[in-house]
Amino acid sequence: MPNEASTINSLKAVDAWIDVINANINGGVRTAFKSSRLKFAGSNVNVLRSGNSTSLPLQMPEPGLTTANTIIDFSQGAITTSTESTHVAIQGSGWFKLKRFADLNSPTTDYLYTRDGEFRWMTLPAGVSVQTSGSIYSGGGFTVQVLVNHDGLAVMSDWVGGSSVIHMLTDAAGAVVGGSGSAAALGAAYATRFVEDMAARNVPNQQGLLYSQYGSTVMHKPTGTVYVDAMNTSTILAKSLEASNASMTQSVPELSLAQKLFSALTKVLQITQTNTD
């Protein structure tokens, strides 16, 4: 029978498993949420006798569980239609690039990556400038609308190496007179055709991405690593959103099994303590 320390570690591991399963269930209703899987590890194997020509070895596997790592399932979620012109989805691999407005003029600041294309237009914050057609705009009689996600992070275009924020310019009458990058000449149509200026980016070592302060659908690279993302040829769909790839038919039975295992380990701990008493 495992000792108390081993059983307590097993309880902690199963508790972490339950947390991951609950996160997958909750994430099932979130845009572009990617489900996770917890990988278990063991410890303290016991080899009582090595094998020989006439018998197999006598060895006891780990009596307890420990957590090893988590693996994120980056597979495609279902594409659903939306009525909002600023909602977009990536069909295939790739990520949207985001950046904080405070970091726009800092080329060394890391980008953020997301598959959640639930974007909207927002007036450019005071004191911030954006680049378009070789010029810097921060007002000048124009109203600058920038494309942001629900956290207010700027969506980057692929124009000038992806260093420009996706935006459009409106005059005093409210008419669209231009936009970012090569799509600037689209005029009034740019408000609904900005998708042509977007880019899906390939990110090396997706499993190395970390959750950011903006939640589990916005990722960033580990500190100290260098990511050179590349252009992706995946299709960007307008008026669409990517649904979560979390599976309720998988998560609910897993949750039931995890709860039963937690209850069983609690009984083992109670018996161990009773025997000790």
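Accessible areas were obtained by the Shrake-Rupley method with a 1.4 Å probe, and for residues only the protein chains shown count as cover. The model is predicted, so that local features need pLDDT of at least 70 and side-chain atom pairs count only at pLDDT 80 or more, while totals for chains, interfaces and linings use all residues. Residues are numbered from 1 along each chain as its sequence is written, and side-chain values use heavy atoms, with hydrogens and water left out.

The accessible surface of the protein comes to about 14200 Å², and carbon and sulfur atoms account for 54% of that area. Of the 277 residues, 42% are buried (under 20% relative accessible area, with a 1.4 Å probe and protein chains only). The protein contains three helices and 21 strands, taken as DSSP runs (H or I, at least four residues, for helices; E, at least two, for strands) and numbered from the N terminus.

Helix α1 comprises the 24 residues 4–27. Its end C-alpha atoms are 34 Å apart, in agreement with the 34 Å expected at 1.5 Å a residue, where the expected span is 1.5 Å times one less than the number of residues. Buried residues of α1 include Trp 17, Ile 18, Ile 21 and Asn 24. An α-helix has 3.6 residues a turn, so residues three or four places apart point the same way. Among the elements covering the buried residues of α1 are β1 (36–41), β4 (66–72) and α3 (248–276).

Among contacts (heavy atoms within 4.5 Å) between residues at least 6 apart in sequence, 67% join residues at least 24 apart.

Methods:
Buried < 20%, exposed > 50% of the residue type's maximum accessible area, 1.4 Å probe, protein only.
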